[in-house]
Amino acid sequence: MAKSKTVVGEGQVQDDLANVLADNLNKKFKSSYKVAYFLDGDSDSPSDVNEWVSTGSTMLDLAIANRPNGGIPVGRITEITGLEASGKSLLAAHALADTQKKGGLAVYIDTENAISREFLEAIGVNLKDMLYVPLETIEDIFDAMDSVVESVRKSSKSRIVTIVVDSVAGASTKQEMAADYEKDGWATSKAIILSKAMRKITNFIGRERICLIFTNQLRTRLGVSFGDQWTTSGGKAIAFHSSVRLRLKSVGQIKLNNIYLIN
């Protein structure tokens, strides 16, 4: 009688049938990526997170990753939300700078035309190597993501890529851009497009060495007397597919009343 179990280590038994099924599935989908894994630590599955990029704050990196030298996970989607001037672009820029320190490619997709070269240089971003992509619509943003990743993977299979979309609230849709100013009713089209796009890219991001960061503006939810009064632009798709969501809040400004110069 054939054995149905194989001893692979102390206290560990692996089912031979499971191995056969895994081989069959990977052969069936051989035109795609590997689809069947054993989560025993011996295989590098898409569910593993092995790399992070820093937010510029040691304490925040520790809080997000629950480990020293952590930060925003690579191979995952992150959403940074907050009101205006709460530091969303600051964290995203720090992530781009850390990506470049790791030898990766930094991509900044700007929907607000509000980028500051001095701001990025002060944080440590190398502007000569950072790819700046000003776009207006959600459709163009996701098309650009596909093109960037496809081009990078042709030259390097393992190079880390961090893509920042700043911001979702500032992006429009092609339907909305083609409409007149007095037209209304396009609010749901943005959420529908985002929902479809996030379903397409979530597994793709997990298989690749990509850190995808969205910044989004908080909006007041009308008619809410109890509970969370805040919501974000573009529906729930990004929130649903994000592994990390950060909500920033401005608590005050640091002011220097007296500045002394010492020669």
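These legends walk through several close-up views of a predicted model.

**View 1. The whole chain, before zooming in.**
Let's start with the big picture: the chain has 263 residues, and 38% of them are buried. Its secondary structure adds up to 8 helices and 11 strands. Looking just at contacts with a separation of 6 or more, 66% are between residues 24 or more positions apart. On the outside, about 16,700 Å² of the chain is exposed, with carbon and sulfur atoms supplying 52% of that area.

**View 2. The largest nonpolar core.**
A bit of background first: in soluble globular proteins, nonpolar side chains tend to be buried together. Here the largest nonpolar core has 29 residues, and the ones touching the most other members are I109, F142, M145, I163, L212 and F214. Which elements give two or more residues to this core? They are β6 (105–110), α5 (138–155), β8 (161–166), α7 (187–207), β9 (210–220) and α8 (237–241). Helix α5 gives the most, with 8 residues. Apart from this core lies another one, made of 23 residues, including I80, L120, I123 and C211.

**View 3. F214 and its surroundings.**
Now zoom in on F214, one of the core residues that touch the most other members. Setting aside neighbours within four places in sequence, what is F214 in contact with? The list runs I77, T78, E79, I80, F142, M145, V165, V168, M198 and I238. F142 deserves a second look, as both F142 and F214 are buried. Their ring centres are 6.3 Å apart and their planes meet at 40°, so this pair counts as tilted. The two rings come from distant parts of the chain, with F142 in helix α5, F214 in strand β9, and those positions 72 residues apart.

**View 4. A second aromatic pair, Y108 with Y132.**
The whole structure holds 2 aromatic pairs. In this view Y108 and Y132 make a tilted pair, 6.3 Å centre to centre with 40° between the planes. Y108 sits in strand β6 and Y132 in strand β7 (residues 131–134), so the pair ties together parts that are 24 residues apart in sequence. Are these two tyrosines buried or partly exposed? Y108 is buried at a relative accessible area of 4%, while Y132 is partly exposed at 32%.

**View 5. The loop between β8 and α6.**
This loop has a couple of residues to pick out. S167 lies in the loop, and the peptide bond leading from D166 to S167 is cis, with omega near 5°. Further along, S172 is also in the loop between β8 and α6 (174–178). S172 has a relative accessible area of 9%, so S172 counts as buried, the cut-off being under 20%. Leaving out neighbours within four places in sequence, S172 is in contact with E136, T137, I138, E139 and M177.

**View 6. Two loop residues with positive phi.**
Neither N66 nor A85 is a glycine, yet each has a positive phi of about 60°. Where are they in the chain? N66 is in the loop between α2 (58–65) and β4 (72–73), and A85 is in the loop between β5 (77–82) and α3 (88–101). Both are exposed, N66 at 69% relative accessibility and A85 at 75%.

**View 7. Salt bridges along the chain.**
Side chains of opposite charge can pair when their charged atoms come close. How many salt bridges does a search of the whole structure find? The search turns up 7. One of them joins D140 and K174 at 3.6 Å, N to O. That pair links distant parts of the chain, with D140 in helix α5 and K174 in helix α6, 34 residues apart. D140 is partly exposed at 28% relative accessibility, and K174 is partly exposed too, at 45%.

**View 8. Two more salt bridges.**
E150 and K154 meet at 3.9 Å, N to O. They are 4 residues apart in helix α5, so about one helical turn separates them. E150 is partly exposed at 49%, whereas K154 is exposed at 67%. In the other salt bridge here, K102 and D98 come together at 3.8 Å, N to O. K102 is partly exposed, with a relative accessible area of 40%, but D98 is buried, at 15%.

Conventions. Residues numbered from 1 in each chain as written. Predicted model: local features only at pLDDT ≥ 70, side-chain atom pairs only at ≥ 80, totals over all residues. Heavy atoms only, no water. Core = buried A, V, L, I, M, F, W, Y, C linked by side-chain atoms within 4.5 Å. Buried < 20%, exposed > 50% of the residue type's maximum accessible area, 1.4 Å probe, protein only. Contact = heavy atoms within 4.5 Å. Phe/Tyr/Trp six-rings, centres within 6.5 Å; stacked < 30°, edge-to-face > 60°. Areas by Shrake-Rupley, 256 points an atom, 1.4 Å probe, with all protein chains shown as cover. Salt bridge = Lys/Arg side-chain N within 4 Å of Asp/Glu carboxyl O.
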